[in-house]
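Open the model in your viewer and keep the selection panel at hand. The stops below go strand by strand, then on to the helices.

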Amino acid sequence: MEILKKKINRIWENFPITVKITLWYTVFVVVLLFIMLMISFAIADKMTGDVNQRELTGVVNEMASEMDSDPEEFDDFDNGIYFVRYNSEGIEMGGMSPKGFDLTLEQSEGIVSSYRKKGEKYYYYDRKINGTDGEWVRGIAPVNKLSEEVKRMLLTIIILSPLLLIVIVYGGYKIIKKALSPVAKISNTATEIQKNGDFSKRIEIDNGQDEIHKMANAFNEMLNSLENFYLHEKQFSSDVSHELRTPVSVILTESQYSLEYVDNIEEARDSFSVIQRQAKRMSELINQIMELSKIEKQTDIPSDRINFSETVEKILGDYKNLFAEKNIEMTKKIEENISIIGDNIMIERLFDNLLNNAMKFTRDKIIVKLYSEDEKCVLEIEDNGIGISEQDKELIWKRFYQVNDSRNKKINKGFGLGLFLVSKIIEQHGAAIDVEGNLNEGTRFIAKFKKD
């Protein structure tokens, strides 16, 4: 029994959803038709009984009225109704009765009573005859289960029910299939994507606001996100591979050269220096990538109260000797006790990246400002370097993008991840950042945070 049940379940699970819904729908319709037929039979039986009773009382009353004036006006049978005449003691005096009817049943005037025997049902109605010595007339009507008209109607329903069921089931299947066509398209699209790996596929559906259309539109939105993520990761992998290719090639080349041609410690030291610089470059890239990955995966940032003024002052103090070494004039205008809510490590990283970017491109001067503006706090970092073009203002926030004509390119060569990291930190803190400047006129970055 258990094996049979499992086999039936497997067969059922393999049915398309349209077939499953149609089968459930068919069962519902069949049950509904059965209930309707039973109700129809019950109503028809009730209606037929009411008609028979009304007809019986009318005919008996008419017969009794005629016998009131003329006791001889008595018929044994009229229009399907039997008549029996009784004396005052309830003894049959004449008339006809259907076979099997009990003529000794007690009389009761004005009430239609029923009698049943061997599956046959009868209605009988008694009426006392005026002007006689207590005589009675009884009308007996065999109950017709259904009138001929009702019989024909129900017979027609029974005959047409299978045809009606077929039409309902077929129509329901077509309607369900049409309604669920977006689901089939979702399934087919998902199968195609799985088979071909083409994330550009979309579900082609007409306009609609029902749940299925909403699901199809949500699936298309999901595919948009997947395609963007796929292209993003593909580009990211390509960019990382490109960035790592050069230092790896240099390390391999220097290592091979050292093994084959270096004759003394000085030549080896030069090769080791090159290898160390390239390994350090690779380490910095990997650290930035890991840091960026951590920030991108972080959905909830800590809600720490950060004294932004102290953070900026501390980092500028750490850079004091580096500014002097690079002959950079640092000017600062820091308003005291400006606080924001966020992740202190991220905020430090943001300011550090913006400051390093300014140091990379400036000629000899950097200005840092932190001040209040209405409900915002504003951080400005300005340099007097090579400036920035209108095109680069949009592109500098992209991953691995680098301005091509950087001054001191060999010294200041980066990876193009710093400003992208800044944009992600800004986004997670619900802040805003903008860049101003023109070519050869310096650059100013303006970040605005909500004050605590």
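How many bridges join strand β10 to β11, and do the strands run parallel or antiparallel? Select residues 365–373 for β10: eight bridges join this strand to β11, and the two run antiparallel. Strands and helices here are DSSP runs, numbered from the N terminus (E and at least two residues for a strand, H or I and at least four for a helix). Two strands count as paired if DSSP finds at least two bridges between them.

A note on the source: this is a predicted model, in which local features need pLDDT of at least 70, side-chain atom pairs count only at pLDDT 80 or more, and totals for chains, interfaces and linings use all residues. Residues are numbered from 1 along each chain as its sequence is written, and side-chain values use heavy atoms, with hydrogens and water left out.

Stay on this pair. I367 has E382 of β11 as its bridge partner, and V368 stands opposite I381 in β11. Next, select the turn: β10 and β11 form a hairpin with two residues between them, and D374 in that turn has a positive phi of about 60 degrees.

Now select β11, residues 376–383. Six of its eight residues are buried, so the strand is largely enclosed by the rest of the structure. Buried means under 20% relative accessible area, with exposed over 50% and partly exposed in between (1.4 Å probe, protein chains only).

Add β13, residues 443–450, which pairs with β11 in the antiparallel sense over eight bridges. Here E382 has R444 as its bridge partner in β13.

Widen the selection to the open sheet: five strands in the order β8-β10-β11-β13-β12, with mixed pairing. β8 (329–334) and β12 (432–437) stand at the edges with a single partner strand each, so one side of each has no neighbour in the sheet.

Turn to the helices. Helix α9 (residues 344–361) lies across β8, β10, β11, β12 and β13, at about 25 degrees to β11. Angles run from 0 to 180 degrees between N-to-C directions, with axes fitted to C-alpha atoms, for helices over the stretch in contact. Helix α7 lies across β8, β10, β11 and β13, running at about 165 degrees to β8.

Last, pick S309, in helix α7 (residues 308–318). S309 counts as buried because its relative accessibility is 5%. Leaving aside neighbours within four places in sequence, its contacts (heavy atoms within 4.5 Å) include I334, N337 and L370.
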